[in-house]
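Dear colleague,

I am handing over the structure below for your studies. Please keep it open while you read the notes that follow it.

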Amino acid sequence: MKSTWGRLFKKKKEKNQDLEDKVGFSFEQVLSPSLCENIHFIKKTLGNSGDLIISEFKLGKPWLNKSASIYINGLTDKELTGHFIIEKLMADASIIDDDSWSPNQLGTYVKEHILSIPHVEMITELQKLFSFLLSGQTIVLIDGWTMACACSSQGGELRSISEPTIETSVRGPKESFTESLITNTSLVRRRIKSPNLWLETQKLGNITQTQIGIMYINGIVNEKLLNEVKERLNKIDVNEIQGSNSIEEWITDETFTPWPTIFVTERPDVVTGNLLEGRIAIFVDGTPIPLVVPATWNQFFITAEDYYLKWLMTSFLRVIRIVSFLFTLLGQAIFIAFVSFHPELIPTPLLINIAAQRQGVPFPIIFEALLMELTFEVLREAGVRMPRPVGQAVSIVGALVLGEAAVSAGIVSSAMVIVVAATAIASFTIPHFLMTDAVRLLRFLMIFLAGVFGIYGIGIGVILLVAHTVSLRSFGVSYLSPFAPFIVNDQKDAILRLPILFTQRGFHFFSNIRKGK
Amino acid sequence: MQRLYLFLILIFSLICLSGCWDNVELKELSIVSGIGIDKGGDSDENRYSTTVQIVNPSQVAGGQQGGKVQSAPVTSFTATGSTLKEALRKISHKVSSQLFFPHVQVMIIGEELAKEGILELFDLIERDPSFRVLFPIVIVRGHTAEDALKITTPLVPIPSMKIVDSLESSEKIWSEYPISRVDQIIPRLNKGSFSITGININGEVAIGNKTENTQQIYQTANLEIKGLALFKEGKIETWLENESARGVMWVKNQMEQTVVTLDCPKKKDAITIDILRAHSDIKINIKNEKPVINMTIVTLGSVSETQCNLPLEKNKTIIELEKQLSEEIKEEVLKTMKTAQDRKIDVFGFGNNINIEDKKYWKKIESTWEDEIFPETEININVLTTIRRTGMRINSYIE
């Protein structure tokens, strides 16, 4: 693993060279004193893009100093740029009537007295200039000055905060993350008003220059874990970061596993809860779904709603989820194993019933099962990818026409339809879609083993699966914790949720502060 | 890489060393619900005649079966052979698919064979992994097992299941004849006597064989549980009927619920006592090198019917009834004991009690126990009864 990282790391410098060649300037290049030259260079580098807005004007009373403001149309808040940058520069700068000022003095004055923008930064490198410009800042250039002011004026059209669609809740807050990193982090900060909530931002992706934010609560988070996360993020060297999923694959502990080892959520309250437990959230600009690490298996069976319901109900629901998870994974496989390998274990009346249904079915049971399971997967995929109105038609055709007709035509037995439907419904109770996906695949493995080796095969499958799962780590934390290793203290909020009286949230065993200390 | 190979080898051996179970499609199995064993011919080649009753699933299971011809819920086939297994295998000529034995409900033995001896029948059942040993055995009285497996039954479409259901429910509420399961019989085969419940075919077999039999309100041919066959050395010695059979249940502590009738002052057998609970306890004393059996039966009952006017509100009446009930039960048990002692059959398993009490003594008398000592043994019976309730009424409306 290390050697792989090393190889990737070595290539970084070569890659930089490639990029520089493509962009057409060295990353170390600085601004030239000539405004014309600078503007020309910017225009050339951006390929004269239509959304690049450059307004040139004269600065100060003697109208001697040529100046320009540059921004990308649509990325900036037009109000802000218009009123507080360009208007100020054109109108308020008229009080400057001393023509003996050097461009340097002028620039400093403009930054300190004229630009009434909360954040202005002085930059000299061209690379930085582009980076600010392309992330929505307005750049102010003055002729003769080898620096530029970057005024934070980000804005433009963004999707507003809407209700969560994946993780719905009855009693909880009705907010979900949006595509904007700043909006997302602000949603969390509104919930944790502690100076210890820290956010570290950095840019990833050589071309996309995507901003990502690492959020954690200083003091609760384990420094080792934090360093590990930062280290892994720093090792990412790719051209594009399309969203949190591309980061996820880079920083995950184990790629060859069906289980999700990184948690994702669209709810700010879930992120808040996880931060308070000592986890780390990774926000990626452009993705409404941040990553939360480290993830444990049990976490995927917990929903936000769990903490808004009474503890008894929550415990009951969690048990139901685990049971349906097991049923989804093994239900179909056990049915096949019993019917085709161990019919002596089925109670006589039930066996006669199943035998009666199977009398006219022309296929072996394993084939019948795979046929039905695949049909179900096809239907599900068709329903998801279709436009919503068509999706309904798909389910009607699938459920009513295919299911009913297949049974009455004697191609599949109704017992098989019942089992497929029951496992399908059970799979919908698993709250997290990543876990559902994992089980969907593992189910086929179990069906195959059951069809070939019977209960014995299921035994082999389960042992292999458990062995694999136990060996998994998510950022150094055992994936099956708090069950393996068994941590008594964390059982209060694992399968069951004891009343809040006993569970004082926060501080899982992997956090800096341990419970009871 | 080495670890991967090791892993693959381990997985491979897991798969290869896993025994010999194989999958069978349900369609290729004929579910056998009952086995009948009869005496075959006189020659060794067809010593036994076996009959299997095979379930016809689509006729038994509920749900839609539209358009199909109504056929019998079960089918039976017979074949003869020198051993049971041979005879059973020979049936495959007649059946469409492989016989599947784990779901056998009942084993039926013809009386003729039972008279000649049944000791050899159970080796196959114990040895063959596809048999369970948890099904009951019954003896057909006066008919062959083949006949018994031909009789159609209403309500419960599978006749074998009907026999088991009747055995179970009657044992529970009437407690006259016990269920004799194979696993209980096998250990006793070589050790003295045992008992097996009997069934009777009422009506003609030819009529019972037709599905029309079940289409009638009153079945002209039906199966009835009747009698307890006492076996000695694997052969039927005698049959116990009704109350005599119930005596065995009292002694063997198998009594669950039953009904005992008592006498009114002027009318015989006019009061019914429901026995709600019964318990028996056997103590063996060895006096002068001779065993004495002391038995205590404790029962709890309630008055469930009176056909005469009894002052039930008085304690005295209840005490008198209790006394009468104790006497009645004692008489019943003694009567059974008498039969057993006369026939020299220790059907109650007292020998086992003596073995538990005094191992050395039992070793000494084991060989002579049934024939010499048991018939002479002194048996003391003590019955304690309590009548708890008189039902929803106290005194009857009868004046």
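A:Gln202 is found in strand S6 of chain A. The model is a predicted one, and every value given here is computed from it. Is A:Gln202 buried or exposed? A residue counts as exposed if 12 or fewer other C-beta atoms lie within 10 Å of its own. A:Gln202 has 12 C-beta neighbours inside 10 Å, and therefore counts as exposed. Along the chain, A:Gln202 and A:Val284 are 82 residues apart, yet 9.8 Å separates their C-alpha atoms.

The sheet around strand S6 comes next. Five strands of chain A make up an open sheet, with antiparallel pairing, in the order S6-S7-S9-S10-S8. Which strands stand at the edges? They are strand S6 (197-204) and strand S8 (263-264) of chain A. Each has a single partner strand, so one side of each is left without a neighbour in the sheet. Strands of a sheet pair through backbone hydrogen bonds, either parallel or antiparallel. In the case of S8(A), two bridges join it to strand S10 (residues 291-293) of chain A in the antiparallel sense. Within S10(A), A:Val292 is the residue that stands opposite A:Phe263.

A helix also lies across this sheet. Helix H6 (residues 181-189) of chain A crosses S6, strand S7 (210-217) and strand S9 (280-284) of chain A, and it runs at about 10 degrees to S7(A).

On a wider scale, the domain assignment divides chain A into domain 1 (31-151), domain 2 (181-295) and domain 3 (311-478). Between the C-alpha centres of domain 2 of chain A and domain 3 of chain A there are 34 Å. Their contact involves 15 residues from domain 2 of chain A and 13 residues from domain 3 of chain A. Which element gives the most to the side of domain 2 of chain A that touches domain 3 of chain A? Helix H7 (residues 223-235) of chain A does, with three residues. That side of domain 2 of chain A has ten nonpolar, two polar and three charged residues.

Finally, there is the contact between the chains. Here 20 residues of chain A are in contact with 19 residues of chain B. On the side of chain B that touches chain A, helix H1 (2-16), strand S1 (29-39) and helix H2 (57-60) of chain B each supply at least two residues. The largest share, three residues, comes from H2(B). By class, this side of chain B has 13 nonpolar, four polar and two charged residues.

Yours sincerely

Notes
Residues numbered from 1 in each chain as written. Chains lettered and ligands numbered in written order. Predicted model: local features only at pLDDT ≥ 70, side-chain atom pairs only at ≥ 80, totals over all residues. Domains from an automatic or database assignment. Contact = placed C-beta atoms within 7 Å. Helix = DSSP H or I, 4+ residues; strand = E, 2+ residues; numbered from the N terminus. Nonpolar A, V, L, I, M, F, W, Y, C, P; charged D, E, K, R; others polar. Pairing = 2+ DSSP bridges. Axes fitted to C-alpha atoms, helices over the stretch in contact; angles between N-to-C directions. Buried ≥ 20, exposed ≤ 12 C-beta atoms within 10 Å, placed from the backbone.
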